[in-house]
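Ready for a few exercises on a structure you haven't met before? Have a look at the picture, then work through the tasks one by one and check yourself against the solutions.

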Amino acid sequence: MDYQQVELSKVHHTAKQWLPSLQILERSLGAHALIAYLDHDDALQPLVASASLSAEEQRQLLHEVTARRITETSFASNAEPATADLTPQRMIELFLPTQALFGVLCLCSGDDSPLPEEALILADNLAARIQRDLALLQQDCLNEFNRQQGQLQSESLPSLQAFINSIEGHIWIKNLDGIYVCANHNVSRDWGTSPIGKNDLQLFGAERSAIFDAADRNAIRSGKPIVTEECADADDPDQNRWLETIKSPVISETGEVVGVIGMTRNISQRKAFQDQLSLAATVFANSVEGVLITDRHGTIIEVNNAFTEITGYRREEAISLNPRILKSGRYDNGFYETMWQSLTQEGQWQGELWNRRKDGSLYPQMTTLSAVYDDHRRIRYYVAVFADISEQKQAEERLAHMAYHDPLTGLPNRAKMQAELKLAIERAEERQQQMAVVFVDVDHFKLINDSAGHLVGDEVLCEVANRLKQQVRQVDTVARIGGDEFVVLLSGIPDSQAATAVVSKLMALFERPFELGSGDQLRLTSSLGIALFPQDGRNSDTLLKHADSAMYRAKQQGRNSFSFFTQSQNERSLEHLKLQSDLHDAIANHELHLNYQPQYDLASNRIVGIEALIRWHHPRLGVLGPARFINMAERMGLITDIGLVVLTQACHQASQWLSQGLEFGRIAVNVAGPQLLRRDFSDEVQAVLKQTGCPASALELEVTENFLIQNPDDAIRNLNQLRALGIHIAIDDFGTGYSSLSYLKRLPLTTLKIDQSFVHGISVDADNQVIAKAIISMGNSLSLNVIAEGVETREQAQFLAENGCEQAQGFLFSRPVNDSAILKLLTQQTDPQPLLQP
Ligand SMILES: Nc1nc2c(ncn2[C@@H]2O[C@@H]3COP(=O)(O)O[C@H]4[C@@H](O)[C@H](n5cnc6c(=O)[nH]c(N)nc65)O[C@@H]4COP(=O)(O)O[C@H]3[C@H]2O)c(=O)[nH]1
């Protein structure tokens, strides 16, 4: 029951006072009256009624009232509507002062006759009285309620002093004179005295009281609470005990400021947190190491200044991106997977990492990645702390360079050279190549040092180093291993001739005078010693030792010379040098001639082509085959001249045969790689054809497969031009390279020549037969003319013919012969007999 409602027992009691009015209504005015109230279920319940109304009639009447919905509040009714003998003729709603509906006063006549006017007036008056009585009853209830509440409060509430004593911290009140008028126990305990009746001057002295007083006045003046912070141990700030005081003006009931209330609490812990936070923020902002923080999804949520300095990304650019913006592209997915695995499983990853700056440049960084967990051990953040170690790396590289390089010339030193030599030996072994170790020693260098001084000596050594470096290929190594001693490592040397050629060039480097800074010139010579891998030694120590002793032999031989480690090699090399100088004169002296080897159709045994093969009629050594001098000519740059001589002779000969009415099909001329790389090669060929009168269709140019593989684009351009002229193009030594069918298709070929090695192998093993067959079918499928070279036996020819190879060349038919012999062969072949069994 709350004071909003009236107590029903009291209402019943009061209702007795309304009975006389009901009696008047009934007896004098013939009206039955019923007063009802709404129960908790909003159903009307009879309260008091005319004596003549039975309980059943009362129920019926209320039912009717409910059915007519006399107010907006619908009355609840569970009963079935009964047939009404009584009809309510006046229904007056009764309200409490709170405007809550209390119930209803209902009037009716027993016999349907209209009620007299007086009855209606009396009912209205009665209703007004009932409402008044209800108002008085509700006031009673309110008074009772307040009394009970007041009693409750006074029983349970502490006194003000007890209340403020129970609060942690200090609470005090000062009046406007600054005198403490109220304070809790904590104040007395902590200040060592009760402050009541005292002021701050008495309690704290002039200095502090002035500060407190100023704050008090500030609070009074502003009329609002102010907050002050104070270090509790002013003499010992390291104690770090901090207090916060909130001072508010005390306002009286009449609205006047009568003093200041202060509440002080210990904020040391909060201060400590703040300190830690600001310390962390300062460290974060000023750290020289870059810091990047991401959320657990890897989205960047914070970076520091150093991050921006190192990566070039400003904070606002980086935030909300993924750290993969820094990826260098140097690592595969496996690397990052391992990193994430260690980060998610162990919570940390540490290591060196190359990243990419915003400007695209790469830099190395030392990185620590850490996962930060929440209370449930779930990852919340990732933190990357990294330092740019570019300078450290450069310093390391400089140190490594210094350890392995000669400070004067910048060349690799002995240690580095030995390591390089070991690697070169491994490579040569793997690729089954030869290599050369060359010792280079400047003749009489000591004299230069002694006479002209060390500076001049250094100058000379630097120049020697430069010249040596410029002379050799990128893959070769030039090292300075001591005073005036240099070592050159030449890898991938095809033969000793090639070594001789390079060594001759190295010696020639000293022919040019050495210009000194002083303007003077020095003429120097050198002595070189050469050891070849594998013949002169299979390991680095032996090769170096042998190259060294070869160099001493060169010195003993009077300096300004070179010497191979083995004597026979020396002789060969000497011979080679002589041959080189002879080759220069061979063209002018008309010592180069052609031999001709016929090519046959296997079915008809008729000549279908003739290959022109060069021979050198050397005045001293007799007839030399191309194996002795073609490579040398290529190295000496003479091959294009020689090639032109061959082409001209061959075309001239073909033209003659044609004019004699001889049938030879086409004349095949070998073309060396350097010829085919010349831009104007097809013009040259065209000019020769014109000059000799040989038709393009009578000429076939042979190009080796290996050359075509190495130089495809340049070569293909020339070959296309030549083919466009109507010249046949043959791919020579086919099968020794690794051309694919798709590559062959790109070439304008007409003929495919099966290399001799496969042809010879036909009689030896089944593998070669399979290869030969595959080459033939490859050639046929590309509609190429397939010719086998080096056919020496009938068995080989038979096999080739049976497997679809239609043409062949080889000793079985004819060796390469001179012009008069080939003329004979051409004239004799009027009615050739088939060579093979059908
Ligand atoms: N064992 C054996 N050998 C046979 C047989 N039939 C022919 N030969 C040899 O095989 C070589 C065929 O020439 P190639 O494959 O073009 O191979 C040629 C060609 O690559 C090159 N060559 C020859 N003449 C010239 C030329 O004028 N210019 C260029 N650049 N190279 C040429 O020199 C290579 C060797 O030429 P040659 O010594 O004349 O050697 C010729 C020939 O004498 C045989 O049944 N058994």
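Let's start with a bit of vocabulary: Ala, Val, Leu, Ile, Met, Phe, Trp, Tyr, Cys and Pro count as nonpolar, Asp, Glu, Lys and Arg as charged, and the others, Gly among them, as polar. What you see is a predicted model, where local features need pLDDT of at least 70 and side-chain atom pairs count only at pLDDT 80 or more, while totals for chains, interfaces and linings use all residues. Residue numbers start from 1 along each chain, as its sequence is written.

**Exercise 1: the ligand shell**

Work out how the residues of the shell around the ligand divide into nonpolar, polar and charged.

Solution. Step one is the split: 10 nonpolar, 8 polar and 5 charged residues. Step two is who comes nearest: of the 23 residues around the ligand, these are Leu-613, Ile-614, Pro-626, Asn-670 and Gly-810. A residue is near a molecule if its C-beta atom, placed from the backbone, lies within 6 Å of it. Step three is where the shell comes from: β23 (607-618), α19 (626-636), α20 (639-659) and β27 (728-734) are the elements that give two or more residues. The largest share, 3 residues, comes from α19. As for these labels, helices (H or I, at least four residues) and strands (E, at least two) are DSSP runs, numbered from the N terminus.

**Exercise 2: a mixed sheet**

Find the strand order of the open sheet with mixed pairing, then see which helices pack on it.

Solution. First, the order of its 5 strands is β16-β17-β15-β20-β21. Two strands pair if DSSP finds at least two bridges between them. At the edges are β16 (477-482) and β21 (562-564), each pairing on one side only. On average, neighbouring strands here are turned by 20 degrees against each other, direction ignored.

Next, look at single pairs. β15 (residues 434-442) and β17 (residues 485-493) run antiparallel and are joined by 7 bridges, with Gln-434 opposite Ile-493 in β17. Then bring in the helices. Helix α13 (residues 414-431) packs on the sheet, touching β15, β16, β17 and β20 (526-533), and its direction makes about 15 degrees with that of β17. Helix α16 (residues 496-508) packs on the sheet too, touching β15, β17, β20 and β21, at about 160 degrees to the direction of β20. Contact takes C-beta atoms, placed from the backbone, within 7 Å. Axes are lines fitted to C-alpha atoms, for helices over the stretch in contact, and angles run from 0 to 180 degrees between N-to-C directions.

Back to the edge: β16 and β17 also run antiparallel, with 5 bridges between them. Thr-477 has Leu-489 as its bridge partner in β17, and a hairpin of 2 residues joins β16 to β17.

Finally, check the loops. Between α13 and β15 you'll find Gln-432, whose phi is near 55 degrees, a positive value in a residue other than glycine. Pro-534 is in the loop between β20 and α17 (540-556), and the peptide bond from Phe-533 to Pro-534 is cis, with omega near 10 degrees.

**Exercise 3: two helix pairs**

Are α22 and α24 roughly parallel or roughly perpendicular to each other? Then try α16 and α18.

Solution. You'll need the cut-offs: angles under 35 degrees count as roughly parallel, over 145 as roughly antiparallel, 65 to 115 as roughly perpendicular and the rest as oblique. Helix α22 (residues 681-692) packs with helix α24 (residues 712-725) at an angle of about 25 degrees, their axes 9 Å apart. So α22 and α24 are roughly parallel to each other. α22 passes α24 in a right-handed crossing; a crossing is right-handed if the near helix is turned clockwise from the far one by less than a right angle, and left-handed if anticlockwise. Among the residues that meet are Phe-681 and Val-685 in α22 and Leu-722 and Leu-725 in α24. By class, the contact has 4 nonpolar, 4 polar and no charged residues.

Now the second pair. The axes of α16 and helix α18 (residues 567-586) come within 10 Å and cross at roughly 70 degrees. That makes α16 roughly perpendicular to α18. The contact involves residues including Ser-496 and Thr-500 of α16 and Arg-572 and His-576 of α18. This contact divides into 1 nonpolar, 7 polar and 1 charged.

Terms used. Two residues are in contact if their C-beta atoms, placed from the backbone, lie within 7 Å.
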